[in-house]
Structures are given as C-alpha cells and as structure tokens.
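Hi everyone, thanks for coming. I'll take you around one protein structure today, a few residues at a time, so keep the picture open while I talk.

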Amino acid sequence: MDLYDVMRTTPAVREFTDAPLPEDVLHRILDHARFAPSGGNRQGTRIVVVRDQGTRRRLAALNEPAVRRYVAQAKAGQSPWNPLEPPSPSAEEIAATAVPEPFTRPLLTAAVVLVVWVDLGLVAATDQDLDRIGLVAGASVYPLVWNLLLAARNEGYGGTITTMAVAEEPAVRELLHVPDRFALAAVVPLGKPVREVTRLRRRSVEELATWETFDGPPLAASSPGQDSSVR
Ligand SMILES: Cc1cc2nc3c(=O)[nH]c(=O)nc-3n(C[C@H](O)[C@H](O)[C@H](O)COP(=O)(O)O)c2cc1C
C-alpha cells in the first residue's frame, strides 16, 4: 500500500476473524516497526508475544478495573482517566460499572497479543522534574507501537493500542516474568480485521496546527497572508 493510504486508513481494530497471523508475517511487521526512533536511540522496547489463551484471559481480566473507571467517568461526562480532574463517580459506583465486551474480547480473539514494555533505565524523560504527568518517556516506545500497527495494516492485519492493563502493571509484570525496570506501555491485540474501515474521523489540520503561537492563525491549506513555503 501507499504510505499515505496506510497512514489515513489504520483504525483501531477490535474485531478479528479466525485467521492466524503467520509467524513470518509477524516477524516482517516487527522487522519494519523496529526502525522507529527512541530517545538517544537507546531502543529500550521489549515485546512479549502472547498466544496462550490462559494468559490472554488473565490479561483481559486485568483490564477490568481500569475499564470500569473509564466507563463510569465517560457516563458521568468526564474525559476518562484524564490526569487533571479526579473521577466524579464514587469508588462504589466505579466498582458497580459493567465492563463492555469490546474492552476484553479483542484480547481473547486476536491471533496474537503483543505486550509492549520499555526499559526505564534507557528512556530520557526530560519532563521528569515538571509538576505534571510524565509524557516524554512514552515517546521512546509509542512510535514503535504505531509503526507496527501501520506495518500490520500494510500486511492486511490490524490491532489496537490498549492501555487499560497498565493500571495493573505489577500483576502483568508477574504474569509475564518481566523485570522491575520495565514499564508496561501497551497491550496490542493483532489479527485479521473482520471488516475494512477506510474512513477515520479526525480533526483537520486547521484545528490542530497554528502559525507561530498557540493562539496564532490556523495552518490552512492556503492561509491568506501566509507564505506557503516553510523554510
Ligand atoms: C494511548 C492510547 C490508548 C488506547 N487505549 C485503548 C484501550 O485501552 N482500549 C481500546 O479498545 N482502545 C484503546 N485505544 C484506541 C482508541 O480508542 C482509538 O485509537 C480511537 O478511538 C480512534 O479509533 P479509530 O482509529 O478506529 O478511529 C487507545 C488508543 C491510544 C492512542
């Protein structure tokens, strides 16, 4: 596929056929994904490829506490799990919230589940002293995760970045025998999509980029008064 087509048509795939993901295809996907950048090229990402159904069931179960909070907050009109506002639903309300299948089923039905870790001894987290949640460490692992989903799309496969199990990181670490210095970045079910989605709803360039300052004019296809060349 053309690169731009892949970039514009790689959705979150949560429904999979029974088709296997052949080992050589998985290897090719990862062999291309590994060219993603990381801070200082330290390459601290490690991936555990899970096929075992018992392990998947446990991973799916470990999603549940975070999903309950996600769903309860969404129902209450909040942006779920955002770091600026504590959940408005009570702990009891969260505990009583049902877990919708789309949050757990993909882990059971995908051809494989990739559990992605990053070595905290290798990330350069330049925001670690700021008085806000850390972001930069993730930038040394998520480019590779997205690369592998783009490569999967190119091969006719698909998957989703999922992060609910991260809230239960210690239990996932124990389950997969992962050393303490590694942080859980994502759990990615990967398989053959049931249907092809080709239209993604995303903000326009004008809505996401401005010239010169945050409150500057939007970067339009051709903004009046703007030099169209970027030097
Ligand atoms: C950081 C991150 C975390 C996500 N976590 C989950 C998750 O835990 N479960 C899930 O089903 N989807 C998860 N997603 C998928 C998003 O819901 C999805 O990318 C978004 O809704 C856009 O979907 P679309 O590409 O099909 O339009 C996550 C995506 C990102 C980037």
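Let's start with Trp 81, which you'll find in the loop between H3 and H4. Keep in mind as we go that this is a predicted model. Trp 81 is partly exposed, because its relative accessible area is 36%, and that falls between the 20% limit for buried and the 50% limit for exposed. Its phi is a bit of a curiosity: near 60°, so a positive value in a residue other than glycine. For background, most residues other than glycine have a negative phi. And which residue lies over the face of Trp 81? That's Arg 69, at 3.7 Å from the ring centre.

Okay, staying in that loop, have a look at Gln 78, which also sits between helix H3 (53-75) and helix H4 (91-95). Buried or exposed, what would you guess for Gln 78? It's buried, because the relative accessible area is just 10%, and buried means under 20%. Its side chain reaches the backbone nitrogen of Ser 88, at 2.8 Å. Setting aside residues up to four places away in sequence, Gln 78 touches Gln 73, Glu 85, Pro 86, Pro 87, Ser 88 and Pro 89.

Now compare that with Leu 84, again in the loop between H3 and H4. Leu 84 counts as exposed, because its relative accessibility is 80%. If you go from Leu 84 to Trp 117, you move 33 residues along the chain, and the C-alpha atoms are separated by 25 Å.

Here's another pair to try on your screens: Pro 22 and Ala 111. They are 89 residues apart along the chain, yet their C-alpha atoms are separated by 9.0 Å. Pro 22 is in the loop between helix H1 (3-8) and H2, and it's partly exposed, with a relative accessible area of 32%.

One more loop residue before we go inside. Gln 43 lies between H2 and strand E1 (45-50). Its phi is positive too, near 55°. Gln 43 is exposed, because its relative accessible area is 51%, and the cut-off for exposed is over 50%.

Right, the inside. The largest nonpolar core has 25 residues, and the ones that touch the most other members are Leu 21, Ile 29, Leu 114, Val 141, Leu 148, Val 188 and Leu 190. Where do the members come from? The elements giving two or more residues are helix H2 (23-33), strand E2 (112-119), helix H6 (142-154) and strand E4 (182-191). H6 gives the largest share, 6 residues.

Apart from this core lies another one, of 15 residues, among them Val 50, Val 115, Val 178 and Phe 182.

Let's zoom in on Val 188. Not counting neighbours within four places in sequence, its contacts include Val 112, Leu 114, Val 145, Leu 148 and Ile 161.

Back to rings for a moment. Lys 192 has its charged end over the ring of Tyr 157, 4.3 Å from the centre. And how many aromatic pairs does a search of the whole structure find? The search finds 1.

Last, zoom all the way out. The domain assignment gives domain 1 (3-198) and domain 2 (201-231). Taken over C-alpha atoms, the centres of domain 1 and domain 2 are separated by 31 Å. That's my tour, thanks for listening!

How values were computed. Residues are numbered from 1 along each chain as its sequence is written. This is a predicted model: local features need pLDDT of at least 70, side-chain atom pairs count only at pLDDT 80 or more; totals for chains, interfaces and linings use all residues. Side-chain values use heavy atoms; hydrogens and water are left out. Domain bounds come from an automatic or database domain assignment. Helices (H or I, at least four residues) and strands (E, at least two) are DSSP runs, numbered from the N terminus. Buried means under 20% relative accessible area, exposed over 50%, partly exposed in between (1.4 Å probe, protein chains only). A polar contact is a pair of N or O atoms within 3.5 Å; within protein, one must be able to donate a hydrogen and the other to accept it, and residues adjacent in sequence count only if both atoms are side-chain atoms. Contact means heavy atoms within 4.5 Å. A nonpolar core is a set of buried Ala, Val, Leu, Ile, Met, Phe, Trp, Tyr and Cys residues joined through side-chain atoms within 4.5 Å. Rings of Phe, Tyr and Trp (its six-membered ring) pair if their centres lie within 6.5 Å; planes under 30 degrees apart count as stacked, over 60 as edge-to-face and the rest as tilted. A charge sits over a ring if NZ of Lys or CZ of Arg is within 6 Å of the ring centre and within 35 degrees of the ring normal.
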